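The following questions and answers go through one protein model and its ligand. Each answer ends on the value or name that was asked for.

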Amino acid sequence: MRKYNVTLIPGDGIGPEVTKAAVEIVNATGIEIIWEIVNAGQDVFDEKGILIPDEVYESIEKNKVVLKGPITTPIGKGFRSINVALRKKYDLYANIRPISNLWKNDGKPINMVIFRENTEGLYIGIEHEITKDHFVSIKKTTREGSERILDKAFEYAKNNAKEKVTLAHKANILKMTDGLFLEVGRETSKKYQIPLEEVIIDNMCMQMVMNPSQFDLIVTMNLYGDILSDLGAGLVGGLGLIPSANIGDEIAMFEAVHGSAPDIAGKNLANPIAITLSAAMMLRHLGETKAAESIEASINRVLLKGEIRTKDLGGNNTTIDMKDAIIKEMKVK
Ligand code: NAI
């Protein structure tokens, strides 16, 4: 059996609790992973005076696969966000966020994947002061940056037999930046022979709320993707359920969409499902599809039964209860 080396960053707040649960669940699949634990963030800063120690970079560059807990962004200490810094440093240009409520057995199912461009747009963080009462922020779109995320999305559509790709934009107003993204979207659609559905971002938000099951695969720019994925999280039960992958050509980092949730940290209250589903995406990335499916199916069964629910899902169970229930369900064949 193959062995894998994975960098594990527990992170801050609820990070250590939920990553511990995810590691136990992954280990219960029988896949052999050597977890190399290194840490970054607020706790490390308080201890060592540095947000991301060199050993974190060294481990990531050696193992190339990372499971990361949420990291608190310290206010006014150099970095705008460690998460954005890591995505930029390793050019993790594709942020992939699956949103589904397949565990529900009422109404139309929601099952969509959002591909968010992760390195350009307004997140380049270039802002200028014109006067003290007038600021501008630069939005960046390049052909290369658009091509690589659109290729990733269409490649996924091809491999998963999707009938269309929906592109959310505001090219009617932002004719150059969003216009270029849309133009590359049309070209990529022709290249893959998969239809492109073009939806203006404001209408997209309404459509997602009114009739989310019409969407399968959405590709969009950085800020729109950030907002749409939280909107999607709200449609299926909240941030405690939504995983994500940040993929570059060399390195892949898997993390929950949620933050470090300081309000419930250290209380054994956090829902470990989002980070566990992120770990399942990681197993898929490593080629361990069966193990990933086993985790996903067990989580769906636990949610469908509804006997074990953490507070965010309206119950009174703990992080550990949820982890135990998922592992127990994995053993039921
Ligand atoms: P948050 O996602 O940490 O919390 C928002 C709300 O959702 C809170 O009420 C929290 O209790 C709840 N929540 C989040 N995850 C949960 C889980 N697994 N189970 C149950 N409830 C959960 O967002 P917030 O409060 O805006 O950010 C806190 C810190 O996290 C900030 O420093 C922020 O910069 C950082 N952050 C880090 C991210 C990352 O590392 N990828 C992503 C988002 C925020």
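Buried means under 20% relative accessible area, exposed means over 50%, and partly exposed lies in between. The model discussed here is predicted.

Q: Is R186 buried, partly exposed or exposed?
A: The relative accessibility of R186 is 44%. Buried requires a value under 20% and exposed a value over 50%. R186 therefore counts as partly exposed.

Q: Which residue forms a salt bridge with R186, and in which strand does this residue lie?
A: The closest N and O atoms of the pair are 2.7 Å apart, and a salt bridge needs them within 4 Å. The partner, at 36% relative accessibility, counts as partly exposed. R186 is in helix α6, and the two residues are twelve residues apart, so that the pair links distant parts of the chain. The partner is E198, in strand β9.

Q: How many residues apart in sequence are the parts that D202 and K170 tie together?
A: The side chains of D202 and K170 meet in a salt bridge, with 3.1 Å from N to O. D202 lies in helix α7 and K170 in the loop between β8 and α6, so the pair ties together parts of the chain separated in sequence by 32 residues.

Q: Which residues are linked with K323 in a network of salt bridges?
A: The side chain of K323 meets that of D324 in a salt bridge of 2.9 Å, N to O. K323 is buried, with a relative accessible area of 10%, whereas D324 counts as partly exposed at 39%. The network links K323 with K20, E24 and D324.

Q: Which residue has a backbone atom 2.9 Å from a nitrogen atom of the ligand?
A: Polar contacts are counted within 3.5 Å. A nitrogen atom of the ligand is 3.3 Å from an N or O atom in the side chain of H258, and an oxygen atom of the ligand is 3.0 Å from a polar backbone atom of S260. The contact at 2.9 Å is made by a polar backbone atom of N271.

Q: What share of the ligand's accessible area does the protein cover?
A: On its own, the ligand has 810 Å² of accessible area. The shell around the ligand divides into nine nonpolar, eight polar and four charged residues. The share covered by the protein is 68%.

Q: What is the approximate phi of A261?
A: Most residues other than glycine have a negative phi. A261 is not a glycine, yet its phi is positive. A261 lies in the loop between β12 and α9 and is among the residues that come nearest to the ligand. Its phi is about 40°.

Q: Where does D91, with a positive phi, lie?
A: Phi of D91 is near 50°, in a residue other than glycine. At 34% relative accessibility, D91 counts as partly exposed. D91 lies in the loop between α4 and β4.

Q: How far apart in space are I14 and D263, C-alpha to C-alpha?
A: I14 is found in the loop between β1 and α1 and is buried, with a relative accessible area of 3%. I14 and D263 are 249 residues apart in sequence. In space, C-alpha to C-alpha, the distance is 9.1 Å.

Technical notes: Residues are numbered from 1 along each chain as its sequence is written. This is a predicted model: local features need pLDDT of at least 70, side-chain atom pairs count only at pLDDT 80 or more; totals for chains, interfaces and linings use all residues. Side-chain values use heavy atoms; hydrogens and water are left out. A residue is near a molecule or strand if one of its heavy atoms lies within 4 Å of it. A polar contact is a pair of N or O atoms within 3.5 Å; within protein, one must be able to donate a hydrogen and the other to accept it, and residues adjacent in sequence count only if both atoms are side-chain atoms. Accessible areas come from the Shrake-Rupley method with a 1.4 Å probe; for residues, only the protein chains shown count as cover. Ala, Val, Leu, Ile, Met, Phe, Trp, Tyr, Cys and Pro count as nonpolar, Asp, Glu, Lys and Arg as charged, and the others, Gly among them, as polar. Helices (H or I, at least four residues) and strands (E, at least two) are DSSP runs, numbered from the N terminus. Buried means under 20% relative accessible area, exposed over 50%, partly exposed in between (1.4 Å probe, protein chains only).
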